[in-house]
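Hi everyone, thanks for making time this morning. Let me put the model up on the screen, and then we can walk through it together.

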Amino acid sequence: MRLLTMTCLALAATVSAAQAQDLRAVPLPGSRKDDLALPLIVSPANPTAAARLNALLQLTYLDGLAKPGAKDPFSRVRYDMNREGSGSTSALSWSASSQGRLFAIRITGETMGAYPTETVDDLLLDGVHGVGVGGVYLFTPEGLKALATQLATRRKALLRQAIASEQKGKADDDAQECITVQQEALQEQAFDGMHALRLDARTIAFPAALDLPHALLVCDVDLTIALPRQELAPYLSAYGKALLDSSLQTPALPAAWARRVFTGRIGTAPVVPQRGLWVDGC
């Protein structure tokens, strides 16, 4: 999982509350089960939001842009989960669900290189405006600080438990190497990040793991923390509350969206959009 900078997505400030939230993800038309195909997001009631979310997926995951006039947004490009050039994507699966006005997609890819690796990305999307949602918008600044402290405390406790379990287990060189790596991580790594959000009917989870190279993945520890939505309610921004509760007034995008300026390149061409999309955690 990572910070993803998107470009050139014009955002409407408000969307009518009368629009039905009927976004759903479907298999790409014409794709087979063994294709490395992303889902296609559709919405008869809100096609603008669906189009923006399809553009988000394409800009995030696909190597290149679709040809002008293509029948579907992904007709010329292939899925690219491999971000470090160390292998090729051999399998892809995805799942999607809706909660309130939020649309959650999980994309799982298997990369075959020097080491087989599974990568899981959780994307939380605003089904009204068709943009990505990170913790920086879902929670208030004060809520983010409180959550960061809580996450760090709980994740360190999980890592200490993992180290204690290793120490009580088989005393071989591999186990000792893992203990050393995990103890170093406990001293050196920050554990307060919200790089992705995972949503279900009762909780919001904050996925995390140790930042280890391929050769040491056997020593990794799942540091995901799931907190009840009721417990998180005091930390939510007005925008976040309205996304989770469809009975509230349709939210406007946070003002910070309009103030963001991003730079980047498409091929060799420099891009400096005045508005953009950043799928981030904090």
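**Cores and a disulfide**

Let's start at I204, which touches L138, L197, R198, L199, I225, A226, L227, R229, L232 and L244, leaving aside residues up to four places away in sequence. Before going further, please keep in mind that this is a predicted model.

Now, where does I204 sit in the bigger picture? The largest nonpolar core has 25 residues, and I204 is one of those touching the most other members, along with L102, L138, F139 and F206. Which elements build this core? At least two residues each come from strand 5 (102–113), helix 2 (135–138), helix 3 (141–168), strand 9, strand 10 and helix 6 (238–244). Helix 3 gives the largest share, with 4 residues. Apart from this core there is another one, of 17 residues, and its members include F191, L212, L216 and C219.

That last name brings me to the cysteines. How many disulfides does the structure hold? There is 1, and it joins C178 to C219, with the sulfur atoms 2.1 Å apart. What does the bond tie together? C178 belongs to helix 4 (residues 173–188), while C219 is in the loop between strand 9 (203–206) and strand 10 (225–228), so the link connects parts that are 41 residues apart in sequence.

And its handedness? The S-S torsion of C178 and C219 is about -75°, so this disulfide is left-handed.

Are the two cysteines buried or exposed? C178 has 5% relative accessibility and counts as buried because the cut-off is under 20%. C219 is buried too, at 1%.

That's my tour, thank you!

Conventions: Residues are numbered from 1 along each chain as its sequence is written. This is a predicted model: local features need pLDDT of at least 70, side-chain atom pairs count only at pLDDT 80 or more; totals for chains, interfaces and linings use all residues. Side-chain values use heavy atoms; hydrogens and water are left out. A disulfide is a pair of cysteine sulfur atoms within 2.5 Å. Buried means under 20% relative accessible area, exposed over 50%, partly exposed in between (1.4 Å probe, protein chains only). A nonpolar core is a set of buried Ala, Val, Leu, Ile, Met, Phe, Trp, Tyr and Cys residues joined through side-chain atoms within 4.5 Å. Contact means heavy atoms within 4.5 Å.
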